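Please open the model in your viewer and keep the sequence panel beside it, since each stop on this tour begins with a selection and then says what is to be found there.

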Amino acid sequence: MLEVKNARMLYGDLVAVDHLSFTIKPGDIFGLLGTNGAGKTTTFRMIMGLLEPTEGEVLYNGQHVGYHNVNEIGYMIEERSLLTKITVKELMLYFGQLKDMEPKVILERLDYWLDRFSIADYKNKKIKELSKGNQQKIQFISAIINNPKLLVLDEPFSGLDPINTELFVEVIRDFQKQGAMVVFSSHQLDHVESFCEELIVLEKGKVIIEGRIDQVKKDFKKQNIKIKGDVDVQVLKTIPGVFQVVENVDQIIVKIENDDAASRVFDYVKTCKNITKYDVEQASLSEIFIAKVGQAHEKV
Amino acid sequence: MKKFKFLVKYGLLKRVGRKAFFITNIVIAILSILIINLPSIIRLFGGNDDQMTDLTIEVANDLGLATLVDDLELKFNEGLPAKFFLLTEIQPSSVNVAAFWENTDVDVLFTFTGTIDDPIITIYSKYPEMNAGLTNQIELQLISYQLGGAYERPVFNTVLAPDYEDPEAGAILGSISSLLILPLFILVTMATQFVGVDIIEEKSTKAIETIIASVPANIHFLSKIVSSIFFVIIQGCLILFYGVLASLVARLFASSPALNLPVGQESLLGYLGELLPNWPILLFLTMLFIIVGTLFYLVVAAIFASMAVTQEDYQQFQSPLMLMLLGGFYIGIFAPMANGDGFMRVMAFVPIFAPMVAPVALAGGILTYFQAVVALVVMILFLVITVYFLTPVYKVAILNYDQTKFFKRIKDNFKKAFQKTKK
């Protein structure tokens, strides 16, 4: 289990992370979201023991994260962090041995992962000769080569096409099934929404959203109603609780404040003709994120 | 410890297992052989234009032995292809030492006083390096006169010109300076470049984040230093080996009948071997100075590299280091030429210059063994203090990607390092 307890990180007078607490249990996939500079990377560095929190603590299976248990952790940083002048094989042997792995085991696992990511031909190629996407795969393999029990992924999908993103998601899910804890950050909120159960959204070091995704969505009262049919947009806009009406090519999206507004919109739509679609949906994570981060900015 | 050993091994293999290492060493070996055999090579092209053709000696004979001057002339020129020593007898009463020193036509003046059984010989010589050979010949001649009686060893007094400066002292220091400092300078520069480039490569590619996530920063720091010092030791030993190889080549030169060179003068090593009979101790102390000095420079190079973010950035950060190195280099090379004994003695105790200056000062007799050991101890203490204070800075700087101005970045890293230590 990973426990971040009331962690606070100061850089001089700047509060990078302010009293952050969360727990990740084996088999959990945990999302850490936020705008640039929100404190995600600082949090990851604290988890990895690269930074010591100014206050609070980070515990991995009840112990402080340190070099005694780092071999059980896989870490992928946001930017490319590969030695570009050496080959894929040399790099994996280097990074793997730093995790106390035997060269034979490293090479066996490397063959497996290269095969799974369909880049077996690149084993003896220099990193700099690989495309950005393939470099990202190599970086991901370097994080999982030691079969980690805790996987810390900072923007793992950055620069990947949808097919390779799906490949990454599959591998992460495999680790989840094996009982690994996964904590990751991403700007692609649809991925967060699709496979992460719990999240925290940080803004300027402070937590602005936290909890299970379904609960977060439930707590966020605003909803979207998608309508197809002969409705008058101007009337919809005058209904109390409706704060925005978006006209798309094939449908109208009515954004409402709460359940009461949904009832009022429904009462109006019942009076209209040719209605072929009426869906009430919870707001997307992206909308929640924009709304909450916007509020946080306004407060600042 | 396992990771430390792995990092040291990895760092070392990265340097010595490369094609560049082999090519560099082939070049160094060829250059060493050429430089060390330079005197022989020069002679191949017809040197020795300023060689003496004769030596004029005046003899004031007060022993009452009429044949002395003729006998000595025969003795001196024995075995020589041409008459080199020209001896002239003068009256003892006409000896004027002051005039002799001024007179450019006469090179040596002998005065023989006392008796044939108990002679006193005074040698006034403008070429004191020849005195030993001349006294041997005189002694042999006097023995032949004393045959049958009890042999009495003659008394020899040698007098040097009032303005005489020993050319060998300058030659010793000059030779030692170039022979010791140049390889040392090249070695330290190579090692600091390696450690700097190594660290900056890992940092600029951000691979350092993955590495430091697996290995403590201080282990990473020390492993870089240790692998570099092992590299220096290996490279240093190879240079010594090239020296031995060059010496063997020099022997081949000497044995060549076409050259007809006197043994011992055919190479710089042979020349130094004659001038520095205590070379084993000197070599040992020099090695210690090189190792400790290189360690110090490596620590500083590693710190500067950890503060840099890009290769270009590192070029700027290594300037102070190169200035320190160059300072030591120039002091070691030029101070002996300028007879700056006092200056060298002081600089030998300044840790940043000591690695270059102390071995030269020791070899030149400017430092005693005791003083050299004290200078070494000062350097070791300085190194320990440097490592102690700079390791926390490395831990902060290696993951810091600030690209502020040079001095601000140094200041900020030190500030953060010691804030962190206090916590």
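Which residue is the bridge partner of Arg8(A) in strand 4 of chain A? Select Arg8(A) and follow the bridge across: the partner is Glu55(A). Before going further, please bear in mind that this is a predicted model, in which chain A averages a pLDDT of 86, with 98% of the residues scoring at least 70.

Now widen the selection to strand 1 (residues 2-11) of chain A and strand 4 (residues 55-60) of chain A, which pair in the antiparallel sense over 5 bridges. Strand 4 of chain A is also joined, by 2 bridges and again antiparallel, to strand 5 (residues 63-64) of chain A, and here Tyr60(A) stands opposite Gln63(A). The hairpin formed by strand 4 of chain A and strand 5 of chain A has 2 residues between the strands, and Asn61(A) takes a positive phi near 50°.

If you colour chain A by confidence, compare two of its helices: among the elements of this chain, helix 3 (residues 103-116) of chain A has the highest mean pLDDT, 94, whereas helix 10 (residues 285-299) of chain A has the lowest, 71.

The next stop is the interface, where 19 residues of chain A are in contact with 18 residues of chain B. On the side of chain A that touches chain B, helix 2 (residues 88-98) of chain A gives the most, with 4 residues, and by class that side has 11 nonpolar, 4 polar and 4 charged residues.

Turn then to the largest nonpolar core, which has 141 residues, and select Val152(A), Val182(A), Leu298(B), Ala302(B), Val357(B) and Ala358(B), the residues that touch the most other members. Helix 11 (residues 279-307) of chain B gives the most to this core, with 16 residues. Centring on Leu298(B), and leaving aside residues up to four places away in sequence, you will find that Leu298(B) touches Ala191(B), Thr192(B), Val195(B), Ile225(B), Ser228(B) and Ile229(B). Apart from the largest core lies another core, of 18 residues, among them Leu72(B), Phe110(B), Phe112(B) and Ile123(B).

For the last stop, select Ile36(B), whose place is in helix 2 (residues 19-36) of chain B. Is Ile36(B) buried or exposed? Ile36(B) counts as buried because it has 26 C-beta neighbours inside 10 Å, and the cut-off for buried is 20 or more. Finally, draw a distance from Ile36(B) to Ala250(B): the two are 214 residues apart in sequence, yet 8.1 Å apart in space, C-alpha to C-alpha.

Conventions
Residues are numbered from 1 along each chain as its sequence is written. Chains are lettered from A and ligands numbered from 1 in the order in which they are written. This is a predicted model: local features need pLDDT of at least 70, side-chain atom pairs count only at pLDDT 80 or more; totals for chains, interfaces and linings use all residues. Two residues are in contact if their C-beta atoms, placed from the backbone, lie within 7 Å. Ala, Val, Leu, Ile, Met, Phe, Trp, Tyr, Cys and Pro count as nonpolar, Asp, Glu, Lys and Arg as charged, and the others, Gly among them, as polar. A nonpolar core is a set of buried Ala, Val, Leu, Ile, Met, Phe, Trp, Tyr and Cys residues joined through C-beta atoms within 7 Å. A residue is buried if 20 or more other C-beta atoms lie within 10 Å of its own, exposed if 12 or fewer, and partly exposed in between; C-beta atoms are placed from the backbone. Two strands pair if DSSP finds at least two bridges between them. pLDDT is the predictor's confidence in each residue, from 0 to 100.
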